Amino acid sequence: MGEVTGFLKHPRQAATYRENHSRLADFEEIYCGHNVEQLRVQSSRCMDCGVPFCQSHAPLSHRTSRGGCPIHNQIPEWNDLVYRGHWRDALVSLHSTNNFPEFTGRVCPAPCEGSCVLGITSPPVTIKNIEMAIVDYGFNKGWIKPVPPSKRTGLRVAIVGSGPAGLSAADQLNRVGHSICVFERADRIGGLLMYGIPNMKLDKTKVVDRRINLLRQEGIEFRTNSDVAGLTSNSLTMEELLSQHDAVLLATGATVPHDLRIDGRELKGIHYAMEFLTANTKSLLDSDLTDGNYIDACERDVLVIGGGDTGTDCIATALRHQCRSLLNFELFPAHPTERRVSNPWPEYPLIFRVDYGHEEASAMFGDDPRVFGISTQAFLDDGNGNVRAVKTIDIALKDGRITEISGTEREWNTDLVLLALGFRGPEHYVVESQRLRLDERTNYLAEKGKYRTSHEKIFAAGDCRRGQSLVVNAINEGREAAREIDRYLMGSTTLVG
């Protein structure tokens, strides 16, 4: 490393977001510009640790809180290159393992930082900030340009779904000369990247479309409004897809949401989180929200049920609509501020975190919107079929089991409820005719590392195979699935996962 004692000299200094009240006035990205000198100093904190746990993803058998980078980014290498001012070499290193660092640098929760060796005794290296800065610097310098393959194999691959798994697989397979067509049922390419993550976290035009246009220039074909096995006039059947292509990859995501089946669920004003987020982003892109084709939280008492990234994104979006009040219910008690003994390094630290939406809510209303350890029992009617309140009871965890606390029943006023409870699995209509085998969670049954389903020509990757997960895991699965599809088509492969 360039400065082997940098971690002793320099404290962690993470990049800041835009000021709260300023960013609440728009849907522009929350990030500030990159400070090159600060990043150079921060990269010097990488401590030549010998075994870089940051880039060594724990095996599946390593319980549930796996640390390290799922795509094995060569983090110490590009930290050193940034420190030395070799930004172009750092970009080459970063792109060698990550097709889309501009996405992960913005939306990944950074399990790499949780496994940083420095983090055992001190705040970890600002890996995520440095990753994002490298790729943004590369785009600003004009270093990232389309590189079409020099020759084609004559083999065709269909990819159903244009989220991070589908896009990374398409990129990899296109590089080795296969002809790729990506089918997307929505009106824009990107899947979760386009409509599942709000614009203030991941800009659709400046960031997502920029990469899509590069892939298109490299020869990948994209078809929007193409719902495979759907009911629209331009939909292909799965049989047609299989007859026209040498292999098919399912990368449809896990899009069936968990529901909350309690009394009053039928009332108006109760929506799934993705209904809210998708409609908002589409209206924002179509008309800057002037068409009114979205669920407006303005002057409404908003309740978000469920935490995680999706819950936070609902909070941040409702704030930008200028909601009247805001609450966020989380079933389980809050995590501690420090690791539990049962959650040791280098696992991903399960600790209390304040995300961008929580900061913004505190700035607008004076307090964190979250209420922990609370169970929603019923939705209450206003007499006209609309939700007016929810009834709750507090809960506690005893021996890993949820116990209701008698005497803690309460009512909370709300006229807009957003359910951010996660996802059950993929929608199966795409492959009903093929009778693919499913696992016990209704995901497509395909072994990790091989990705082939019960149909010889059909592969599956990402959330539709593994269940709801991170963008970085989807990129990893797309890359590995591309490797296996190339091996299936060619007998061997030069691709790496």
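## Strand β1 and the nonpolar cores

In this predicted model, strand β1 (residues 156-160) is largely enclosed by the rest of the structure, because four of its five residues are buried, that is, under 20% relative accessible area. Two strands pair with β1, as listed here.

| Partner of β1 | Sense | Bridges | Residues facing each other |
|---|---|---|---|
| β2 (residues 179-183) | parallel | five | alanine 158 and cysteine 181 |
| β4 (residues 247-250) | parallel | four | isoleucine 159 and leucine 249 |

The connection from β1 to β2 involves helix α9 (residues 164-175), and the three elements form a β-α-β unit of right-handed sense. Within the pairing of β1 with β2, alanine 158 is set opposite cysteine 181. On the β4 side, leucine 249 is the bridge partner of isoleucine 159.

Isoleucine 159 also belongs to the largest nonpolar core, which has 68 residues. Together with Ile134, Ile159 has the most contacts inside this core. Among the contributing elements, helix α17 (residues 471-490) gives the most, with eight residues. In soluble globular proteins, nonpolar side chains tend to be buried together.

What is isoleucine 134 in contact with, leaving aside neighbours within four places in sequence? The contacts of isoleucine 134 are Trp78, Val82, Trp87, Ala90, Leu91 and Leu94. Another core lies apart from the largest one and has 21 residues, including Ala254, Val304, Cys314 and Leu326.

Notes
Residues numbered from 1 in each chain as written. Predicted model: local features only at pLDDT ≥ 70, side-chain atom pairs only at ≥ 80, totals over all residues. Heavy atoms only, no water. Buried < 20%, exposed > 50% of the residue type's maximum accessible area, 1.4 Å probe, protein only. Helix = DSSP H or I, 4+ residues; strand = E, 2+ residues; numbered from the N terminus. Pairing = 2+ DSSP bridges. Right-handed = clockwise from strand over helix to strand, strands pointing away. Core = buried A, V, L, I, M, F, W, Y, C linked by side-chain atoms within 4.5 Å. Contact = heavy atoms within 4.5 Å.
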